[in-house]
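Me: Please show me the structure. I would like to ask how some of its labels are reached.

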Amino acid sequence: MPIVSIPEKVLFQRLVESGFEDLCFAYGLELDEITSEQELAAREHGTTIVPNEISEKIYKVEVPANRYDLLCAEGLTRALLIFQNMFKSPIYKAIKPSQIIQMTTKLVRPFVVAAILRDITFSEKSFASFIDLQDKLHQNIGRKRSLVAIGTHDLDTLKPPFVYTALPPKDIRFKPLNQTQEFTAEELMELYSKESHLKPYLEIIRGKPVFPVITDANGVVLSMPPIINGEHSKISVSTKNVFIECTATDLNKASIVLDTIVSMFSEYCSEPFT
């Protein structure tokens, strides 16, 4: 089952430390271990722990595979607070954003759902949690992006409405995330065939006559799902309005993924849970 790693300061900023393991057990969770950033780094690099080095404790909690809402600190702590009657279940409010879906996407990746987190304030830790949750959802319910792929964008760099379409690879050209120049989709498939992180996802669309792509009203490419986002709309800890799109071959799973992200992180919006 999935393991969620939560820094001690984040965890007990919301919960009481005393009796945490018993609380997890009562809720149906298991505290897998208490480790530290230092120990995790030592394991990763095969080194020994430096004595007396200050390092924050990390609580690793095992959660059920079908509880996607518990895959981040925000969701897990909120669920435990509600369980103890210390927090009321949020009432969410949504306004549908503008988007256009063109029928050509049926040939490759037929579904898209989207939402906006408006006037959000991230800290370094909550931003890291936001990115980490996306990765966990990709690997879990998204089945390594084959069923669902998530794209997050700085809305203030874009102009709605957004268009979800599919084009021949030679006709798609943009600057991908963390690159300094533009590439065609054909060139990107070659480029990423040498990158261990993105190479596994190429086969999802390789050989298709058209590739999915999302653009804004000015033709700016937000993403070429399920491979890569565009550099133009890259988000950061200072991003205030986040446009989230989930493309999919399974509409139900796409909706679950989108709802999970929005419900977990809308608490950081100026008007929480909207």
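**Labels and their cut-offs**

Me: What makes E203 buried or exposed?
Reply: E203 has a relative accessible area of 54%. Buried means under 20% relative accessible area, exposed over 50%, and partly exposed in between (1.4 Å probe, protein chains only). E203 is therefore exposed.

Me: What kind of model is this, and how are residues numbered?
Reply: This is a predicted model, in which local features need pLDDT of at least 70, side-chain atom pairs count only at pLDDT 80 or more, and totals for chains, interfaces and linings use all residues. Residues are numbered from 1 along each chain as its sequence is written, and side-chain values use heavy atoms, with hydrogens and water left out.

Me: Why is the pair R206 and E203 called a salt bridge?
Reply: A salt bridge is a side-chain nitrogen of Lys or Arg within 4 Å of a carboxyl oxygen of Asp or Glu. For R206 and E203 the N to O distance is 2.7 Å, so the pair qualifies.

Me: Which residues form a network with R14?
Reply: Salt bridges with shared partners join R14, R78 and E267. Between E267 and R14, the closest N and O atoms are 2.8 Å apart.

Me: Why is E267 called buried?
Reply: Its relative accessibility is 18%, so E267 counts as buried. R14, at 25%, is partly exposed.

Me: How do you know that E74 has no salt bridge?
Reply: The nearest side chain of opposite charge, R14, is 4.6 Å from E74. That is not within 4 Å, so the pair does not count. E74 is nevertheless buried, and its side chain makes a polar contact of 2.7 Å with that of Y268 (N or O atoms within 3.5 Å, one able to donate a hydrogen and the other to accept it; residues adjacent in sequence count only if both atoms are side-chain atoms).

Notes:
Lys, Arg positive; Asp, Glu negative; His and termini not counted.
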